[in-house]
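This report describes one protein chain and the ligand beside it. Please keep the sequence and the structure in view while reading.

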Amino acid sequence: MYYLTYRPNTIEELDNSHVRDTIANLLQSKKLPHALLFVGPKGTGKTSTARIVAKAINCLNNAFSGHTTSYDPCNTCSNCTTITTGSSPDVVEQDAASNRGIDEIRRLIREVSFMPMTSTYRVYIIDEAHMITPDAFNALLKTLEEPPKSVIFILATTNEEKLPTTIISRCLRIPFGAAKKEDIIHMIERIALHEKLTLTDEIKDLIAMYSEHSFRDATKLLEELVVQKKLDFKEAQVYLGIRSKDSLLHIIAGKELKDAIDWIDEFVASGGNVKHAIEDMLQKLRIYLVKKATKQEDGIDINLSLREITQLVKLLHEAYNLMKISPIEVLPLEIAVVEFYNRKHV
Ligand SMILES: Nc1ncnc2c1ncn2[C@@H]1O[C@H](COP(=O)(O)OP(=O)(O)O)[C@@H](O)[C@H]1O
Ligand SMILES: [Mg+2]
Ligand SMILES: [Zn+2]
């Protein structure tokens with residue numbers, strides 16, 4: 001799996017340029033705060049970066065241990081390797097989605113006073129930190145403010161607005177933001193080099209466009225295209241559900257149900273990804289919806305009323321959810337289209 005193989009293991013490998021610089025400066029300053037807060041959408045490298053920091057400050061072969069001038073982890077010493085495999089006794093990764101109560105946090109607070117066993121620092125990585133319950137947060141406050149010198153907390157969250165401000169104010173906040181197109185392309189090129197793939201700029205753009213600002217989605221998409229042998233731009237477009245002309249949406253807006261069903265049939269037969277096709281339509285419909293609702297009708301190149309647009313959005317949403325449980329992947333989409341025609345022509 002690319003997204004595991006190419007998980008960044010050094011600061012250098014972080015393709016998110018802003019985070020890369022921030023972390024590099026922080027480590028070089030050697031004044032690491034005792035609590036960090038990583039904020040950003042999924043797949044933007046929060047967990048990867050937390051592990052890199054944990055390794056860097058505990059590495060036995062870098063500037064922190066006085067061996068080289070590099071602040072990056074060596075990834076070969078015993079501390080680095082046990083952190084990578086998740087078996088270090090000093091680096092605790094806790095998923096707050098499943099350990100969110102007061103008892104779990106109390107246990108964590110008790111443990112904090114133990115000295116590190118093999119490393120310089122004990123590092124607590126708390127993922128999905130916004131899931132922690134209010135009383136558990138309260139219990140954590142004091143420890144977060146003044147932990148023992150050998151302890152560092154790294155909280156990660158996709159929903160900062162759900163974190164108490166008292167927690168946020170005790171951490172150094174590092175925004176990860178949505179992954180930028182050029183950073184995603186940088187990552188694609190890094191993987192392509194290792195995998196000896198020849199990719200055109202067009203394909204890289206297409207993957208970046210489709211990855212919804214997530215490095216993880218981009219790696220998965222690239223792998224999917226490689227496995228499916230769809231690295232030719234035209235084929236990739238069809239596969240991802242974007243047809244340059246006569247998109248499914250335009251056909252649905254037309255008169256003939258048969259045309260739409262035929263399109264879907266051919267799309268699936270040529271290996272098209274139904275999930276992406278629906279996502280693509282929903283994205284376009286959303287734009288139409290906003291424009292119609294605000295009466296800015298310029299650029300609307302489709303013949304659908306506001307009512308029809310909302311109906312179609314609802315039906316496609318339904319199909320999208322049903323797809324996950326349907327034994328025939330494309331069936332919910334076909335039903336949605338038939339249903340739409342039925343309602344349109346009564
Ligand atoms: N900054 C990045 N540079 C390169 N790849 C990344 C980056 N961030 C994430 N990835 C890719 O996405 C995957 C998931 O990243 P992860 O650190 O788990 O993100 P998060 O914790 O923010 O959801 C990684 O295994 C890697 O393949
Ligand atoms: Mg994560
Ligand atoms: Zn090391």
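## The helix α14

On α14, the exposed residues Q283, R286, I287 and V290 lie on the face turned away from the buried side of the helix. The model discussed here is predicted. The buried residues of α14 are V274, A277, I278, M281 and Y288. These buried residues cover an arc of only 90 degrees around the axis, so they are on the same side of α14. An α-helix has 3.6 residues a turn, so residues three or four places apart point the same way.

Which helices do the buried residues of α14 pack against? Their partners are α12 (248-253), α13 (257-269), α15 (306-323) and α16 (331-344). The length of α14 can also be checked: this helix comprises residues 274-293, and its 20 residues should span 28 Å at 1.5 Å a residue. The end C-alpha atoms are 28 Å apart, which agrees with that expectation. Just after α14 comes K295, with a positive phi of about 55 degrees.

## The helix α10

A second helix, α10, can be read in the same manner. It has 13 residues, and the distance from its first C-alpha to its last is 18 Å, close to the 18 Å expected at 1.5 Å a residue. Its buried residues are F215, A218, T219, L221, L222 and L225. Because they cover an arc of only 165 degrees around the axis, they lie on the same side of α10.

The buried residues of α10 are covered by elements including α1, α8 (181-195), α9 (201-210) and α11 (233-240). After α10 follows K229, whose phi is positive, near 55 degrees.

## The surroundings of ligand 1

There are 19 residues around ligand 1, and R7, G45, T47, S48 and F215 come nearest. The elements giving two or more residues to this shell are α1 (2-5), α3 (46-58) and α10 (215-227). F215 therefore appears in two roles: it is a buried residue of α10, and it is among the residues that come nearest to ligand 1.

By class, the shell holds 7 nonpolar, 7 polar and 5 charged residues. Where does ligand 1 lie with respect to domain 1 and domain 2? Domain 1 (2-175) and domain 2 (179-240) both give residues to the shell, so ligand 1 lies between them.

## The chain as a whole

The chain contains 16 helices and 5 strands. Its C-alpha atoms fill a box of roughly 70 × 50 × 40 Å along the principal axes. Of its 346 residues, 36% count as buried. Among contacts with a separation of 6 or more, 73% are between residues 24 or more positions apart.

Terms used:
Residues are numbered from 1 along each chain as its sequence is written. Chains are lettered from A and ligands numbered from 1 in the order in which they are written. This is a predicted model: local features need pLDDT of at least 70, side-chain atom pairs count only at pLDDT 80 or more; totals for chains, interfaces and linings use all residues. Helices (H or I, at least four residues) and strands (E, at least two) are DSSP runs, numbered from the N terminus. A residue is buried if 20 or more other C-beta atoms lie within 10 Å of its own, exposed if 12 or fewer, and partly exposed in between; C-beta atoms are placed from the backbone. Two residues are in contact if their C-beta atoms, placed from the backbone, lie within 7 Å. A residue is near a molecule or strand if its C-beta atom, placed from the backbone, lies within 6 Å of it. Ala, Val, Leu, Ile, Met, Phe, Trp, Tyr, Cys and Pro count as nonpolar, Asp, Glu, Lys and Arg as charged, and the others, Gly among them, as polar. Domain bounds come from an automatic or database domain assignment. The expected span of a helix is 1.5 Å times one less than its number of residues. The arc is that of the directions from the helix axis to the C-beta atoms.
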